[in-house]
Amino acid sequence: MKVLHKYFLPICLAVLVHLVLFSLFFLNFRSEPESLQVAAEPEIIQATSLDENKVIQEIEKIQQNELAKRLKEEQRQQQLEDKRVAEQNKLEDLQEQQKLQIEQDKQRQELAKKTQSEHLAAMAIKQKQEQEKLAILKQQQAQEQQRLDELAQNKKELEEKHKKEQLRLAELEKKRKAQLKQKEQERVNREKAAKLAAKQKAEADARLKAETATLKKLEAEQAAAESVRRGKIINNATRMIMRNVERSWRRPPGTKDGLSATIRVRILAGGSVKEAKVVVSSGNPIFDRSAELAVRKASPLPVPSDPKIFNKFLPTFTFNFSPS
């Protein structure tokens, strides 16, 4: 399109010239028919027609050649334009590369200057640091010398303190030996006192043991006497309870002699019967019920007045009921 726009006017002029030539040729061809029709035969007309076709073909061939030439010229112009554009682009790329190279060289120069400046600055900083280190080293040496002087002074003071400490320790050792001697005497006195106390304790323990044995013997005798007394009281109470129960018993009709049942009795303080139950049956239910009823009728039962004996032996007891 760019090439067509560039050669638009020449193309239009060429087409216009060809149209004018074709029109003139066609007018000349149209101006001859009347004389040809008057003087010629039909075959001559056919020959004329053939000549016109050849002319048209020739014109078309000329037009095609012209068009081919134009197209070839346009292609050549386009190739030249493409080559020019390529050369222009190549030139621009080369200029751009040269500009980039110049810029890179400039940057490298600036970087080199900056690196050199930084190196100089680093050297200056390093030199300053070395000077500061040297000053610090001198200061440390002075401090070390001062510390050594102080250590020497401290050593002297420590030696004096050590001598004083030796004297103090000797005095303390003297006092310690005196204290040990005193403590040893105190220990001997304590041992004598302990032996005396052990002897007195052994004598006291012997007396206490003898007294304890006498007391235990007396307590055993008293316990035996109390046991005998409680046994008598319980036996008397049991005989009285059994007597009262037998008095309260009524023989059921038809009961055989020789029946016996074991009854468990629970009583309250004062002798009131809480429960009477046959725990070993006689084999006769009627006899068993009559025995339980006899116990309840005998309530309150005669019980010991001593609450200790009652609480220990009589709240729950069993006896064999055999009235025969």
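Colleague: How many residues apart in helix H4 are lysine 201 and aspartate 205?

Modeller: The model is predicted, so local features need pLDDT of at least 70 and side-chain atom pairs count only at pLDDT 80 or more, whereas totals for chains, interfaces and linings use all residues. Residues are numbered from 1 along each chain as its sequence is written, and side-chain values use heavy atoms, with hydrogens and water left out. Helices (H or I, at least four residues) and strands (E, at least two) are DSSP runs, numbered from the N terminus. Within helix H4, about one helical turn separates lysine 201 from aspartate 205, which are apart by 4 residues.

Colleague: How far apart are the closest N and O atoms of lysine 201 and aspartate 205?

Modeller: A salt bridge is a side-chain nitrogen of Lys or Arg within 4 Å of a carboxyl oxygen of Asp or Glu. Buried means under 20% relative accessible area, exposed over 50%, and partly exposed in between (1.4 Å probe, protein chains only). Lysine 201 is exposed at 52%, whereas aspartate 205 is partly exposed at 37%. These two residues form a salt bridge, and their closest N and O atoms lie apart by 2.9 Å.

Colleague: Which residue forms a salt bridge with glutamate 73?

Modeller: Glutamate 73 is partly exposed, with a relative accessible area of 34%. Its partner sits 3 residues away in helix H4 (residues 42–248), about one helical turn along, and is partly exposed at 40%. With the closest N and O atoms 2.5 Å apart, the residue that forms this salt bridge is arginine 76.

Colleague: Which residues are joined into one network by salt bridges that share partners?

Modeller: The structure holds 11 salt bridges. One of them pairs aspartate 257 with arginine 251, with the closest N and O atoms at 2.9 Å; aspartate 257 is exposed at 59%, and arginine 251 is partly exposed at 42%. Shared partners link salt bridges into one network, made up of Glu184, Arg187 and Glu191.

Colleague: Is serine 290 buried or exposed, and what is its relative accessible area?

Modeller: Serine 290 is placed in helix H5 (residues 285–297). Its contacts (heavy atoms within 4.5 Å), apart from neighbours within four places in sequence, are Trp249, Arg250 and Pro252. The side chain of serine 290 also reaches the backbone oxygen of phenylalanine 287 at 2.6 Å. Serine 290 is buried, its relative accessible area being 10%.

Colleague: Which elements give two or more residues to the largest nonpolar core?

Modeller: A nonpolar core is a set of buried Ala, Val, Leu, Ile, Met, Phe, Trp, Tyr and Cys residues joined through side-chain atoms within 4.5 Å. The largest such core has 21 residues, and those touching the most other members are Val245, Ile263, Val265, Val295, Leu301, Phe319 and Phe321. Two or more residues come from each of H4, strand S1 (261–267), strand S2 (273–280), H5 and strand S3 (316–321).

Colleague: Which residues of H5 or elsewhere does phenylalanine 321 contact, leaving aside its neighbours within four places in sequence?

Modeller: Phenylalanine 321 is among the core residues that touch the most other members. Once its neighbours within four places are set aside, its contacts are Val245, Glu246, Trp249, Leu259, Ser260, Ala261, Ile263, Phe287 and Ala291.

Colleague: Which peptide bond is cis, with omega near 0°?

Modeller: Most peptide bonds are trans. Proline 300 lies in the loop between H5 and helix H6 (307–313). The cis bond runs from serine 299 to proline 300.

Colleague: What percentage of the 324 residues of the protein chain count as buried?

Modeller: The protein chain has 6 helices and 3 strands, in the order α-α-α-α-β-β-α-α-β from the N terminus. Among its contacts with a separation of 6 or more, 71% join residues 24 or more positions apart. Of the 324 residues, the buried share is 13%.

Methods: A polar contact is a pair of N or O atoms within 3.5 Å; within protein, one must be able to donate a hydrogen and the other to accept it, and residues adjacent in sequence count only if both atoms are side-chain atoms.
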